[in-house]
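New to this one? Here is a quick briefing to read alongside the sequence and the 3D view, sorted by topic.

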Amino acid sequence: MAQSLELLLIQFLMPDNDARRQAEEQIKRLAKDPQVVPALVQHLRTAKTPNVRQLAAVLLRKKITGHWAKLSPQLKQLVKQSLIESITMEHSPPVRRASANVVSIVAKYAVPTGEWPDLLPFLFQCSQSAQEEHREVALILFSSLTETIGTSFRPHFADLQALLLKCLQDETSNRVRVAALKAVGSFIEFTHDGDEVVCAGIKFREFIPSILNVSRQCLAAGEEDVAFSLEVCSSQSLDSNTRHQHHRAAAEVIDTMALNLPKHIFSPVLELLLKQSNANPKFREAAATSLVFYLCILNALEDTSDEVKEKSYYALAAFCENMGEEILPFLDPLMGNY
């Protein structure tokens, strides 16, 4: 199967539509056999071109769920080991991320049953690596795994919080800081849904300055920064939304904190905005939109951007209706600008 599958993967990437359709049909037929898993794993690790390795990972992610329970312990171990090798040894960022997506799926089934006890220790080790790409992919995995096997992290909450805070303040990599930002957002959502919300809410106070600082940097990032990020990724197959991933990550995390930790984030966000009269409009707009359920915004009320102004007036009304005594320190400046 391995040789025939390799030819089909190459054919699938051809520009000829008919050739692609034929390859897709034959791949679907082969994918019904559990032996497609080790075949895809082999191509993930040994294919000569990154595009073929990435396609093998994408297909593996789609097919692994239906076949995982049918695999022998030896094949399961092969899959896990190959994925770890791909994350740590692969030179292509898109292939590493595609491999990380497969890890998320496998972990959903393997971690709760005790079949992958060394995954979390590996991720903690990887997230402290001297190599930027290792730290980034580990944080990407922490983010996705929190959504699928978050309960497995409970014994490690203290270590995970310390790790995320450190990565938010990473001095050498914007990619690591953005990945940490996304992981924090996933972590907040999970803890808010569980019994840990009160404890986690208190501990997350120390995250807020770093979160807001990284968010402001992301939203203020110019086209040159984004272009550099795309150049580093160096792949034609990147998602079309990659150019806006930093902006989106920042806005989503601010929104997550606004919805889940309003009392902890209100004062820091408002104070930051009061000081940022010349801040990037995208940061002001994200804050106004994300905090619309309870915030108004002093400088945004007289913002040069009409879109920011409009959202800020709605936010002001909702804010005044729902806040208690927390509003008092800000009441005079708010009313003076309204």
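Let's start in helix α2 (residues 17-30), where Asp-18 and Arg-21 sit three residues apart, which puts about one helical turn between them. Their side chains meet in a salt bridge, with N to O at 2.4 Å. Keep in mind that this is a predicted model. Eight salt bridges turn up in the structure, and a few of them get a closer look below, along with two buried residues, Ser-104 and Leu-83, and some helices.

**Salt bridges**

- Back to the pair in α2: Asp-18 is partly exposed, at 45% relative accessible area, and Arg-21 is partly exposed too, at 46%.
- Glu-85 and Arg-45 also join their side chains in a salt bridge, at 3.5 Å from N to O. This pair links distant parts of the chain, since Glu-85 belongs to helix α5 (residues 73-89) and Arg-45 to helix α3 (residues 36-46), 40 residues apart.
- As for accessibility, Glu-85 is partly exposed with a relative accessible area of 26%, and Arg-45 is partly exposed with 24%.
- Glu-136 and Arg-175 make another salt bridge, and their closest N and O atoms are 2.8 Å apart. Glu-136 is in helix α8 (residues 132-149) and Arg-175 is in helix α10 (residues 174-193), so this bridge ties together parts of the chain 39 residues apart in sequence.
- Are Glu-136 and Arg-175 buried or exposed? Both are buried.
- There's a third member here: Glu-132, Glu-136 and Arg-175 form one network through salt bridges that share partners.

**Where α6 meets α8**

- Helices α6 and α8 pack with their axes 9 Å apart, at an angle of about 30 degrees. Their crossing is right-handed.
- On the α6 side, the residues making the contact include Arg-96, Ala-100, Val-103, Ser-104 and Ala-107. On the α8 side, Val-137, Leu-141, Ser-144, Leu-145 and Thr-148 are among them.
- Ser-104 is a handy residue to click on: you'll find Ser-104 in helix α6 (residues 93-110). With a relative accessible area of 8%, Ser-104 is buried, because that value falls under the 20% cut-off.
- Which side chain does the side chain of Ser-104 make a polar contact with? The partner is the side chain of Ser-144, at 2.6 Å.
- Apart from neighbours within four places in sequence, Ser-104 is in contact with Leu-141, Ser-144, Leu-145 and Thr-148.

**Leu-83 and its surroundings**

- Leu-83 is part of helix α5, and its 1% relative accessibility makes it count as buried.
- Leu-44 sits 39 residues away from Leu-83 in sequence, while their C-alpha atoms are 8.6 Å apart in space.
- What does Leu-83 touch, not counting residues up to four places away in sequence? The list runs Leu-44, Leu-60, Ser-99, Val-102, Val-103, Val-106 and Trp-116.

**Helix α9**

- Helix α9 has 12 residues (157-168). From first C-alpha to last, α9 reaches 16 Å, close to the 16 Å expected at 1.5 Å a residue.
- The buried residues of α9 include several leucines, namely Leu-160, Leu-163, Leu-164, Leu-165 and Leu-168. Phe-157, Gln-161 and Cys-167 are buried as well.

Note on methods: Residues numbered from 1 in each chain as written. Predicted model: local features only at pLDDT ≥ 70, side-chain atom pairs only at ≥ 80, totals over all residues. Heavy atoms only, no water. Salt bridge = Lys/Arg side-chain N within 4 Å of Asp/Glu carboxyl O. Helix = DSSP H or I, 4+ residues; strand = E, 2+ residues; numbered from the N terminus. Buried < 20%, exposed > 50% of the residue type's maximum accessible area, 1.4 Å probe, protein only. Polar contact = N/O pair within 3.5 Å; in protein donor to acceptor, adjacent residues only side chain to side chain. Contact = heavy atoms within 4.5 Å. Expected span 1.5 Å × (residues − 1). Axes fitted to C-alpha atoms, helices over the stretch in contact; angles between N-to-C directions. Left-handed = near helix turned anticlockwise from the far one by under 90°.
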